[in-house]
Amino acid sequence: MFLVTVTYTAPLDEVDRWRPAHGDWLNDLMSRRLLLVAGRQVPLAGGVYLVPPMPAEELGRLLATDPYLRSGVAAHSVVEFTPLLVAPGLEDLKSPG
């Protein structure tokens with residue numbers, strides 16, 4: 001599983017121009033379960049995604065299609081982790097073994 005942080009590299013007014021396309025991109029990934037959670041950082045300096053397990057190369061290709069990244073208004077940082085403890089009801093997120 002991956003935790004992806006998004007950091008804006010441009011002023012918010014420039015980021016906002018790309019927000020609709022970015023939202024469509026997020027919704028598409030959610031509908032295909034290639035993204036589990038997405039939200040804004042507080043204060044608004046970027047976002048955070050929770051991504052299901054997949055090959056790191058596939059994640060890199062997927063993130064490269066982000067309109068924010070393609071337009072040069074944001075950068076991604078990726079941390080891979082193994083979820084061992086989860087809250088009740090989220091057992092399907094737990095890694096086997």
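**Figure 1. Elements around the largest cavity.** Helix 1, strand 3 and helix 2 (56-63) each give at least two residues to the lining of the largest cavity. The model shown here and in the other views is predicted. Helix 2 supplies the largest share of this lining, three residues. The volume of the largest cavity is about 30 Å³. Across the whole structure, a search finds one cavity of 30 Å³ or more.

**Figure 2. Residues that line the largest cavity.** The lining consists of W25, L29, L34, L35, Y49, V51, L59, L62 and L63. By class, nine residues are nonpolar. None is polar, and none is charged.

**Figure 3. The largest pocket and its centre.** This pocket has a volume of about 170 Å³. Its lining holds 13 residues. Nearest the centre lie Y8, R19, H22, L26 and R40. The lining of the largest pocket is mixed in class: six residues are nonpolar, five polar and two charged.

**Figure 4. Elements around the largest pocket.** The 13 residues of the lining come in part from four elements that give two or more residues each: strand 1 (2-8), helix 1 (12-31), strand 2 (37-40) and strand 3 (46-51). Helix 1 provides the largest share of the pocket lining, with four residues. Helix 1 and strand 3 are also among the elements that supply at least two residues to the lining of the largest cavity.

**Figure 5. The four-stranded sheet.** The sheet is open and has four strands in the order 2-3-1-4, with antiparallel pairing. Strand 2 and strand 4 (74-80) are the edge strands, and each pairs on one side only. On average, neighbouring strands of this sheet are turned by 15 degrees against each other, direction ignored. In general, strands of a sheet pair through backbone hydrogen bonds, either parallel or antiparallel.

**Figure 6. Strand 2 beside strand 3.** These two strands form a hairpin, with five residues between them. They run antiparallel and are joined by four bridges. In one pairing, G39 stands opposite V48 of strand 3.

**Figure 7. Strand 3 beside strand 1.** Six bridges join strand 1 to strand 3, and the two run antiparallel. F2 has V51 in strand 3 as its bridge partner. V51 also belongs to the lining of the largest cavity. Strand 3 is mostly covered, with five of its six residues buried.

**Figure 8. Strand 1 beside strand 4.** Strand 1 and strand 4 pair over seven bridges, in the antiparallel sense. T7 has A75 in strand 4 as its bridge partner. Strand 4 is an edge strand and pairs on one side only.

**Figure 9. Two helices against the strands.** Helix 1 lies across strand 1, strand 2 and strand 3. Helix 1 runs at about 165 degrees to strand 2. Helix 2 packs on the sheet and touches strand 1, strand 3 and strand 4. The direction of helix 2 makes about 30 degrees with that of strand 1. Each helix gives the largest share of one lining: helix 1 for the largest pocket, helix 2 for the largest cavity.

Conventions: Residues are numbered from 1 along each chain as its sequence is written. This is a predicted model: local features need pLDDT of at least 70, side-chain atom pairs count only at pLDDT 80 or more; totals for chains, interfaces and linings use all residues. Side-chain values use heavy atoms; hydrogens and water are left out. On a 1 Å grid over the protein atoms alone, a cavity is a set of points where a 1.4 Å probe fits but cannot get out, and a pocket is an open set with protein on both sides within 12 Å along at least five of seven lines; lining residues have an atom within 4 Å of a point. Grid points are joined across faces, edges and corners, and a volume is the space filled by probe spheres set on the points. Ala, Val, Leu, Ile, Met, Phe, Trp, Tyr, Cys and Pro count as nonpolar, Asp, Glu, Lys and Arg as charged, and the others, Gly among them, as polar. Buried means under 20% relative accessible area, exposed over 50%, partly exposed in between (1.4 Å probe, protein chains only). Two strands pair if DSSP finds at least two bridges between them. Axes are lines fitted to C-alpha atoms, for helices over the stretch in contact, and angles run from 0 to 180 degrees between N-to-C directions. Contact means heavy atoms within 4.5 Å.
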